[in-house]
Amino acid sequence: SELSPGNFKHVFFTGSGSEANDTQVRLIRRYWDLRGQPQRMTIIARKNAYHGSTLGGASLGGMSAMHEQMVLPVPGIVHIEQPYWWEHGRPQGLTREAFGLQAAGWLETRILELGPENVAAFIGEPIQGAGGVIIPPSTYWPEVQRICRKYGVLHDGESNGVHKNSVVRATFVIDKKGTVRHALYGVNPRGHAHDVLELVKSLR
C-alpha cells in the first residue's frame, strides 16, 4: 500500500487477475448494498475486452467466443462497444478526439437505458490488450470519468482497478531481489483518484 497512489491502507490478495476481478464485482456490489442502494447491481463492460477466464471475469470480458463456450455473461453484466477509432471513428470521418467523445457517450446512453439507479460500475481496460491493443483517444477517459461522476457510477478500470468513481489496474515491475522498480497505473496519468486498485502480474 505504501507504493500505491492515494490513501490506500489495505491489500487483499487473490490467486490471479481473474479472481481479482471476481472479487471486485463482489466488493462493488457490497459497497452499494452498504450504501443503502442494493439495486445497483449492473456492471457495464466493453465488447472485445478481456478481464479473466473465470465465470465472472469472462462475463466482464466481451469476448464472444468465451461467452459461447460457457453461456455467458452472467446476469447483471452488460456491454457497450469498444473505443476503436479505426473500426468506428475513421469510417465516419471523425477525428480521434471527436470519436473519443462519441465512444464515451455510448456509456452514458447505456447508463440511461438501464437507469442510473441500477448501475454499479463501469469496467474498462485503459488499453485493451487481448482485444487487439486498442488505445482509446485522449478524450475518452476524461469523458468517461465525467459521465461516471455525473451518475454516481464507479469506474472500474481493470488492466490496470476502481478509482474515484472508477476502478484501475496497476502493474508493478519487481526485480530478482524483490525490489520494486516501476509502478504503472492504468488511468492514473490524468490525475484520477482511485477508490480500488488492482495489482497484476510481475510478482515473484
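# Salt bridges and a covered strand

Tutor: Let's start with a pair in this predicted model: arginine 110 forms a salt bridge with glutamate 113, and their closest N and O atoms are 3.3 Å apart.

Student: Which helix do arginine 110 and glutamate 113 lie in, and how many residues apart are they?

Tutor: Both belong to one helix, and their spacing comes to about one turn of it. The helix is H5, and the two are three residues apart.

Student: Is glutamate 113 buried or exposed?

Tutor: We need the cut-off here: exposed means over 50% relative accessible area. Glutamate 113 has 54%, so it counts as exposed. Its partner arginine 110 is at 24%, which makes it partly exposed. For glutamate 113, then, the word is exposed.

Student: How many salt bridges does the structure hold?

Tutor: The pair in H5 is one salt bridge. Another joins aspartate 33 and arginine 30, with the closest N and O atoms 2.5 Å apart. For the structure, the total is five.

Student: Where do aspartate 33 and arginine 30 lie?

Tutor: Aspartate 33 is partly exposed at 36% relative accessibility, and arginine 30 is partly exposed too, at 45%. They sit three residues apart, about one turn of a helix, and that helix is H1 (residues 17-34).

Student: Which residue forms a salt bridge with glutamate 108?

Tutor: The closest N and O atoms of this pair are 3.1 Å apart, and the partner is lysine 150. Glutamate 108 lies in H5 (residues 96-114) and lysine 150 in H6 (residues 140-151), so the bridge ties together parts 42 residues apart in sequence. At 17% relative accessibility, glutamate 108 counts as buried. The residue you asked for is lysine 150.

Student: Let's turn to strand S1. How many of its residues are buried?

Tutor: Side chains in a regular strand alternate between the two faces of the sheet. On one side of S1 you'll find Thr42, Ile44 and Arg46, on the other Ile43 and Ala45, and all are buried. For S1 (residues 42-46), that is five of five.

Student: Which strands pair with S1?

Tutor: One pairing is parallel and runs over three bridges, with strand S3 (residues 119-123). The other is parallel as well, over four bridges, with strand S2 (residues 77-80). So the names to remember are S3 and S2.

Student: Which residue of S2 stands opposite arginine 46?

Tutor: Over on the S3 side, isoleucine 43 stands opposite alanine 121. In S2, the residue opposite arginine 46 is isoleucine 80.

Note on methods:
Residues numbered from 1 in each chain as written. Predicted model: local features only at pLDDT ≥ 70, side-chain atom pairs only at ≥ 80, totals over all residues. Heavy atoms only, no water. Buried < 20%, exposed > 50% of the residue type's maximum accessible area, 1.4 Å probe, protein only. Pairing = 2+ DSSP bridges. Salt bridge = Lys/Arg side-chain N within 4 Å of Asp/Glu carboxyl O.
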